[in-house]
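Q: I am new to this structure. Please take one part and look at it closely, then set it in its surroundings.

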Protein chains: 2
Amino acid sequence: MSKFWTPVVKRTDPYVPGEQLNDPDVIKLNTNENPYKPSPRVIEAITKTATGDMQKYPSPTADELREAIAEVNGVKKENVFVGNGSDEVLAFAFYAFFEEGKTLKFPAISYSFYPVYSKLFNIPFEAIPLQDDFTLRAEHYFDAEAGVIFPNPNAPTSIYWPLEEVKRVLEANPDVVVIVDEAYIDFAVGGESAVSLIDQYPNLLVIQTTSKSRALAGLRVGLAIGQPELIEGLVRIKDSFNSYTVDQLALAGATEAFRDTDYFEEKRQAVIATRIETVAALEERGFDVLPSGANFVFAKKDGVDVERLYEQLKAKKVLVRHFKDPLIANYLRISIGTDEQMDEFLKRLDEALV
Amino acid sequence: MSKFWTPVVKRTDPYVPGEQLNDPDVIKLNTNENPYKPSPRVIEAITKTATGDMQKYPSPTADELREAIAEVNGVKKENVFVGNGSDEVLAFAFYAFFEEGKTLKFPAISYSFYPVYSKLFNIPFEAIPLQDDFTLRAEHYFDAEAGVIFPNPNAPTSIYWPLEEVKRVLEANPDVVVIVDEAYIDFAVGGESAVSLIDQYPNLLVIQTTSKSRALAGLRVGLAIGQPELIEGLVRIKDSFNSYTVDQLALAGATEAFRDTDYFEEKRQAVIATRIETVAALEERGFDVLPSGANFVFAKKDGVDVERLYEQLKAKKVLVRHFKDPLIANYLRISIGTDEQMDEFLKRLDEALV
């Protein structure tokens, strides 16, 4: 504590990101990054931009990137907001749409940044327990005071929630914003994005990221899609905070990531195929694995202390994620790597389980 | 207005950045960018990083960049905070150190983002008139309730304020934070940075940017230097907002910009030399030019309607900046370009003045 800190700083409870070990020998399955590099077209666009006019400010309105995102999503540029990673977009959205002092609803097991934002912006929250099978129940999110936010697919459970249920939440909250946080949506086989609902629901904001399915965690580009009045709310906060939050290189790289749809599709399918194999391999070893719509799986094994298993794997240079929350402390979250990484993971897992 | 907006969005009065024309024929002297490209070592570092592991998150603590900045400034890494442009660093600093409801002091003529942040975070402010010669008077900034912030050199006046005066402000405000916003400090001949004072004053935070003297406006990297308890306050806000605000490419590029001190010195001196010539040329033409410690000049000419002159220059594809505030409406702010650009500017100025 410092006498120079405002009450805001004093009430914060900052987020702790997953470990970032730089040891190249480590198989890093702990932060849900894509195991593949971004499209060569992305790298080319970045390189070309770097030799251009880096001494000049980037476009504050990011029109080209927003056009590319709109095209992929079948919406208009006016429906798209971009920011410095979906974390920044989430922060702006909390500030723009969830009113201080009113209660926000989100699942008790979900992205652990939500309570952090809530404390920052002084928004009380109701963290609603999941059902026994780790799914959400629409009725729990009806009549929210400040609004509703949930990841879909949820994290760290990996479970996708059908749009019919999402619609019921939207319809029961006509006067507040419902944010569907779709960081992992591209990995949900048969799971449609809520973007298809934005024309119908002015209270819907969908947030996505380039950090997962587009393999650009290192570039920090996130986005929101919704009706123009919600986008305008985000722009007003952004332009009162930092006019240029996406730099020239990030604009160029992310634009190309949305344009190269073939590469995106190829790598997305590769991750999904590896996930299916990983789930089968874990089940063969007696693990219970929740149905995954993400680029990670959430698994437990009866009779196995997974916190100890996490440590054993770490000693064998495999990094996965364990959460201390008692509701999920018997699970490990394992990001999906390449086939080779997952084979090696399974080998070291078998050694650890002996 | 939208029923979905919080009172925060409703009270904002967003910043309007300078025009970004993409016409390559335009001589762009309106946003105080550096006319030179960044160091080739910066571009090399970016290109190398782009072909690396862009699918992985950047370092949330940015240690390497903070080390490079600390080295250049003769401080420790623990004294350095980095963010997505100095605008983001300023936003975090307002939120971290200036308490809602208490009155902040800043010069009435200064960076026009200060009132924007103040409205966003609900901080009342006293915008203090400059003296007749456009300088600041230390006594005006004594005993501030929430804190004090001013640019040094000031913008858009370009005038540097001696550290002896800055010290008086620091000493008269021992219990609140005084932010010295040094975006242009590297162009102030003989003007020392307040960084030399941080050991003496726990209430001092110095903010700088790579957008001006390091020619990296397109990369979005700003920084703050102060005692560790102020840095920790900024980190707590950042980690409650967005853990990774500086992307991999920006980290790599900015680190190299601080390491390549020869290139920095060469281009800095080139800009200063061109400024001296530009001032002389403007004075020859009957302009009054304020003493500049920045990479721009602030000039007026008796009997000339500079708003009209701004429009005439724009028609001739020279973009400078004019502010409508009546206190400075008879001045133009002209960024310093290359010698060739300034020759061309003067030629078109002469045509306009005929």
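A: What follows starts at one lysine and widens to the chain around it.

This is a predicted model, in which local features need pLDDT of at least 70, side-chain atom pairs count only at pLDDT 80 or more, and totals for chains, interfaces and linings use all residues. Residues are numbered from 1 along each chain as its sequence is written, chains are lettered from A and ligands numbered from 1 in the order in which they are written, and side-chain values use heavy atoms, with hydrogens and water left out.

Start with A:Lys212. An unreviewed UniProt entry lists A:Lys212 under "modified residue: N6-(pyridoxal phosphate)lysine". UniProt positions are given here in the numbering used for the model, feature names are shortened, and annotations may be inferred rather than shown by experiment.

Where does A:Lys212 lie? A:Lys212 sits in the loop between β7 (204-209) and β8 (222-226) of chain A. Helices (H or I, at least four residues) and strands (E, at least two) are DSSP runs, numbered from the N terminus.

Is A:Lys212 buried or exposed? A:Lys212 counts as buried because its relative accessibility is 6%. Buried means under 20% relative accessible area, exposed over 50%, and partly exposed in between (1.4 Å probe, protein chains only).

Now the neighbours. Contact means heavy atoms within 4.5 Å. Sequence neighbours within four places are left aside. A:Lys212 then touches A:Thr31, A:Asn32, A:Asn34, A:Ala183, A:Tyr184, A:Phe187 and A:Asn295. From chain B, B:Tyr57 is also in contact with A:Lys212.

Next, the wider region. The unreviewed UniProt entry gives "domain: Aminotransferase class I/classII large" for residues 25-349 of chain A. Over residues 25-349, the chain is 37% helix and 15% strand. The end C-alpha atoms of that stretch are 16 Å apart.

Then the whole chain. Chain A has eleven helices and 13 strands. Its radius of gyration is 20 Å, close to the 20 Å that the globule rule gives for 354 residues, so chain A is as compact as a globular protein of that length. The radius is taken over C-alpha atoms, and the rule is 2.2 Å times the number of residues to the power 0.38. Of the 354 residues of chain A, 63% count as buried.

One more loop of chain A deserves a look. A cis peptide bond joins A:Ala155 and A:Pro156, with omega about 0 degrees. Most peptide bonds are trans. A:Pro156 lies in the loop between β5 (147-151) and α6 (163-171) of chain A.
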